[in-house]
Amino acid sequence: MRPLIPSVAVLLVLSACASNPAPRDTVARLDASHPRYDSARCRKARAEAEQYNEHRIIRAVVGVGGNVVMPFAGAAAGGALTHRLERKKAKLNHAVAKACLDDPLARKAVAAR
């Protein structure tokens, strides 16, 4: 059981380091003078990014509550929820970049930030 504890700790630290930027930050980095910035697709993508919710309270409740019920269950459930939300953030960032930018390399750079 002892080797499991450092492994879980390392996994949690690495998952925290590999987080995507919030979609609102991606929108804030866009150039408002770009021709595609005022297009209908870009406005829709920016509106979806502004409505994104990070669910911080829910993640904390799942993590702490799960650990109270069963040790490490909360950490596993919190990690799974965080992973799912990180994928959703990456998709939103990519959708904003795809709708609002022309350059495919810039799209990857904005989505990766």
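Cysteine 42 touches Arg36, Tyr37, Ala99 and Cys100, when residues up to four places away in sequence are not counted. In this predicted model, cysteine 42 has a relative accessibility of 0% and therefore counts as buried, since the cut-off for that word is under 20%. One of the residues that cysteine 42 touches, Cys100, is also its partner in a disulfide, with a distance from S to S of 1.9 Å. A disulfide is a covalent bond between the sulfur atoms of two cysteines. A search of the whole structure finds one such bond, and it links distant parts of the chain, because cysteine 42 belongs to helix H3 while cysteine 100 belongs to helix H5 (residues 73–100), 58 residues apart. The torsion about the S-S bond of this pair is about 105°, so the disulfide is right-handed. Cysteine 100 is buried as well, with a relative accessible area of 2%.

**The chain as a whole**

The secondary structure of the chain consists of six helices and zero strands, and read from the N terminus the elements follow the order α-α-α-α-α-α. Of the 113 residues in the chain, 31% are buried. The chain exposes about 7,500 Å², and carbon and sulfur atoms supply 64% of that area. Among contacts with a separation of 6 or more, 66% are made by residues 24 or more positions apart.

How confident is the predictor in the chain? The average pLDDT is 79, and 74% of the residues score at least 70. Among the elements, helix H1 (residues 4–17) has the lowest mean pLDDT, at 54, whereas helix H3 (residues 40–50) has the highest, at 92.

**The core and helix H3**

Which residues form the largest nonpolar core? This core has eleven residues, namely Val27, Leu30, Tyr37, Cys42, Ala45, Ala49, Val96, Ala97, Ala99, Cys100 and Leu101. H3 and H5 each supply at least two residues of this core, and H5 gives the most, with four residues. In soluble globular proteins, nonpolar side chains tend to be buried together.

Within H3, the buried residues are Cys42, Ala45, Arg46 and Ala49. Seen down the axis of H3, these buried residues fall within an arc of 100°, so they line one face of the helix. An α-helix has 3.6 residues a turn, so residues three or four places apart point the same way. The buried residues of H3 pack against helix H2 (23–28) and H5, whereas the face of H3 turned away from its buried side carries the exposed residues Ala40 and Lys44.

**Two loop residues with a positive phi**

Most residues other than glycine have a negative phi, and most peptide bonds are trans. Histidine 55 has a positive phi of about 55° although it is not a glycine, and phenylalanine 72 likewise has a positive phi, of about 70°, without being a glycine. The table sets out where these two residues lie and how accessible they are.

| Residue | Phi | Place | Relative accessibility |
|---|---|---|---|
| Histidine 55 | about 55° | loop between H3 and helix H4 (56–69) | 27%, partly exposed |
| Phenylalanine 72 | about 70° | loop between H4 and H5 | 32%, partly exposed |

**Glutamate 54 and leucine 81**

Glutamate 54 is found in the loop between H3 and H4. Is glutamate 54 buried or exposed? At 16% relative accessibility, glutamate 54 counts as buried, because the limit for that class is under 20%. Leaving aside neighbours within four places in sequence, glutamate 54 is in contact with Ala22, Arg59, Leu85 and Lys89.

Leucine 81 lies in helix H5 and is buried, with a relative accessible area of 16%. Which residues does leucine 81 touch, if those up to four places away in sequence are not counted? Leucine 81 touches Ile58, Arg59 and Val62. The last of these, valine 62, is 19 residues apart from leucine 81 along the chain, and the C-alpha atoms of the two are separated by 8.7 Å. Arg59 is thus named among the contacts of glutamate 54 and also among those of leucine 81.

Conventions. Residues numbered from 1 in each chain as written. Predicted model: local features only at pLDDT ≥ 70, side-chain atom pairs only at ≥ 80, totals over all residues. Heavy atoms only, no water. pLDDT = per-residue confidence, 0-100. Disulfide = S-S within 2.5 Å. Buried < 20%, exposed > 50% of the residue type's maximum accessible area, 1.4 Å probe, protein only. Contact = heavy atoms within 4.5 Å. Areas by Shrake-Rupley, 256 points an atom, 1.4 Å probe, with all protein chains shown as cover. Core = buried A, V, L, I, M, F, W, Y, C linked by side-chain atoms within 4.5 Å. Arc of directions from axis to C-beta.
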